[in-house]
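Biologist: I should be grateful for a close look at a single part of this model. Please describe how that part is paired, which way its side chains point, and what lies around it.

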Amino acid sequence: MTEPRYHINLFWSSEDDCWIADVPDLKPCSAHGDTREEAVRNIQDAIEGWLEVARDKGFPIPEAKYRPAIYAVRAA
C-alpha cells in the first residue's frame with residue numbers, strides 16, 4: 001500500500017529560534033530542527049509515527065488534500 005504524499009509546511013520561527021515543519025492533513029503533526037534539512041528529516045519521522053499510531057488504534061488515515069492557497073484553482 002502506498003502512503004499518501006502529504007503537504008509539508010516549512011517555516012522559520014523566530015519565537016522558537018528554529019525551523020518548523022508541520023503537516024496540515026495530520027493534526028497535530030509537527031517537528032522542528034536547527035536547519036531546514038533537519039526539520040524535514042524530523043517531520044518524516046513524525047509522519048511515520050503518526051500513521052503507525054493511527055493504524056494501531058484503528059483510526060482512518062486521512063487523504064492528502066491540503067494545498068496552500070497559492071495553488072488553488074480559481075474559476076474564471
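Modeller: In this predicted model, Ser 30 of strand E3 is the bridge partner of Asp 22. The next pairing to note joins Ala 21 to Ala 31, again in E3. Both belong to the ladder between E3 and strand E2 (residues 18–22), which is antiparallel and comprises four bridges.

The side chains of E3, which spans residues 30–33, alternate along the strand. Ala 31 and Gly 33 are directed to one face, where they are buried; Ser 30 and His 32 are directed to the other face and are not buried.

Within the wider arrangement, E3 belongs to an open sheet of three strands, ordered E1-E2-E3 with antiparallel pairing. E3 and strand E1 (9–13) occupy the edges, and each has a single partner strand, so one side of each lacks a neighbour in the sheet. From one strand to the next, the twist averages 25°.

Helix H1 (residues 36–57) lies across E1, E2 and E3, and its direction makes an angle of about 150° with E3.

The aromatic rings complete the picture. The count comes to one aromatic pair. This pair consists of Trp 12 and Trp 19, in an edge-to-face arrangement with 5.6 Å centre to centre and 70° between the planes. The class follows because planes over 60 degrees apart count as edge-to-face. Trp 19 has a relative accessible area of 18% and is therefore buried, the limit being under 20%. Trp 12, at 39% relative accessibility, counts as partly exposed.

Definitions and conventions. Residues numbered from 1 in each chain as written. Predicted model: local features only at pLDDT ≥ 70, side-chain atom pairs only at ≥ 80, totals over all residues. Heavy atoms only, no water. Buried < 20%, exposed > 50% of the residue type's maximum accessible area, 1.4 Å probe, protein only. Helix = DSSP H or I, 4+ residues; strand = E, 2+ residues; numbered from the N terminus. Pairing = 2+ DSSP bridges. Phe/Tyr/Trp six-rings, centres within 6.5 Å; stacked < 30°, edge-to-face > 60°. Axes fitted to C-alpha atoms, helices over the stretch in contact; angles between N-to-C directions. Contact = heavy atoms within 4.5 Å.
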